[in-house]
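Reader: I'd like a close look at one part of this model. Could you walk me through the salt bridges around a single helix?

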Amino acid sequence: MSEATRPGALAPASSARPSVIQLVFRDKTALYAAYIPIMSEGGLFVPTTREYRLGDDIYLLLTLPDDPQRYPVAGKVGWITPANASGGRTQGVGVRFPADEKTRALKLKIEEILGTTVSSSKPTQTL
């Protein structure tokens, strides 16, 4: 019997409890730099030195500029920027939003805050 299948063995990391990360965006510029519009349901870049794998669960508590509400997002890692990435990019992960109504509303709210900036060619932390 392998270590992973032995009764009482620890579960693989992918089934471990998801990370909880608080993200506070104080201004539109920071939100623009982190937003990932190419993810169909939307997503955000989270700077972190913690090791993640694609598909890992991450729970975000998100605060948007000029909005006192915190928005919970149960996302998954859909992008990884490793340490020492080219172009001086910040190490971290892109968190893909789930396909549910609450998160769709959040994506629309983010895009409303960003307005025409969302289609800007200014560099971001992702592309």
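Author: Sure, let's start with K109, which makes a salt bridge with D67, their closest N and O atoms being 3.7 Å apart. (A salt bridge here is a side-chain nitrogen of Lys or Arg within 4 Å of a carboxyl oxygen of Asp or Glu.) This pair ties together distant parts of the chain: K109 sits in helix 2 and D67 in the loop between strand 3 and strand 4, 42 residues apart. Helices (H or I, at least four residues) and strands (E, at least two) are DSSP runs, numbered from the N terminus. D67 is buried, with a relative accessible area of 14%, while K109, at 30%, counts as partly exposed. Buried means under 20% relative accessible area, exposed over 50%, and partly exposed in between, with a 1.4 Å probe and protein chains only.

One caveat: this is a predicted model, where local features need pLDDT of at least 70, side-chain atom pairs count only at pLDDT 80 or more, and totals for chains, interfaces and linings use all residues. Residues are numbered from 1 along each chain as its sequence is written, and side-chain values use heavy atoms, leaving out hydrogens and water.

Now for R104, which bridges to E41 with the closest N and O atoms 3.3 Å apart. Here R104 belongs to helix 2 and E41 to the loop between helix 1 (28-34) and strand 2, 63 residues apart. R104 also meets E101 in a salt bridge, at 3.1 Å from N to O. E101 and R104 are three residues apart in helix 2, so about one helical turn separates them. That gives a network of salt bridges linking E41, E101 and R104.
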